[in-house]
Amino acid sequence: MIRPLTLATTALLLLTSAATPAAPRRVVSLNVCADQYLLALADPAQIAALSSNARDPELSAAATKARHFRTLRRTSEEVLAIQPDLILGFPIGPNQVAGAPPGDWRTLGLASADSYAAILDQIRQVAHATGHVDRGEALIAAMHRDLAALPRPKGGGVAAYYQRRGYMTGTGTLIDDLMRRVGLVNLAAKLGKPPLAQVPLEEMVAARPDWLIVESATDRVVDQGTEMLHHPALATIPRISLPQSWTVCGGPAYVQAARAITQRLNAPR
């Protein structure tokens, strides 16, 4: 026997329907970080266009997957022509799609992820917006499993994320979160530096960190900005080299970065 819906049940169904919008058919991403969430969670047919940097392997950990999709060149004009029903950006401002009539599409603007917890929150937001909640939870579960399976680091110590022209990444950042996860202390915290600070070579040598974490693109000298990272005074400090694309954005590449750091910490010096 099929029972008639009660008023309470009917109200709950209506609320659930309102809270879960229909899955979008044409999604546009305006930012390389949003690209990576979209590629991980959406159906290929849903992806109408990605940002102009989506295929750049220096910036995107999903550059290979992005090769199969359209990328934007003239953002405003192209977005208007595509007529998307969802736009992703970090964050979307009122002038990013100039000339667009209000209310023609949904938007999801996400702040830059500065921790693993923030990444999980953003995965859930994008999964909900694209109509793939289960896919988002599956991705999160896989990331949890992969991180839990990492071996315990044998070594720790103080590390500096040192970039071209002497810039060091500080606390309250995704790099700082990664360091703490693998048992490293961020030199920036010991020196009381802000999230991004220019640290002269002399100060870095005096601080004498146990590790330098550097972008793999700086493994060789290509300009004056990378030349200082190869100064003889730094030569004896062990290095951990990571692709910039693994840390410039939050996303699944967080696991790859954590795995690579752990492997380097556990490798013979």
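Which ring does the charged end of Arg181 sit over?

## Charge over a ring

The ring is that of Tyr116, with the charged end of Arg181 4.6 Å from its centre. Such a placement requires NZ of Lys or CZ of Arg within 6 Å of the ring centre and within 35 degrees of the ring normal.

## About the model

This is a predicted model, where local features need pLDDT of at least 70 and side-chain atom pairs pLDDT 80 or more, while totals for chains, interfaces and linings use all residues. Residues are numbered from 1 along each chain as its sequence is written, and side-chain values use heavy atoms, without hydrogens or water.

## Nonpolar cores

Now to the inside. The largest nonpolar core (buried Ala, Val, Leu, Ile, Met, Phe, Trp, Tyr and Cys joined through side-chain atoms within 4.5 Å; buried is under 20% relative accessible area, 1.4 Å probe, protein chains only) has 52 residues. Leu50, Leu88 and Ile213 are among those with the most contacts inside it. A second, separate core has 14 residues, including Val158 and Met204.

Beyond four places in sequence, Ile213 has contacts (heavy atoms within 4.5 Å) that include Tyr161, Met179, Leu184 and Leu242.

Methods. Buried means under 20% relative accessible area, exposed over 50%, partly exposed in between (1.4 Å probe, protein chains only).
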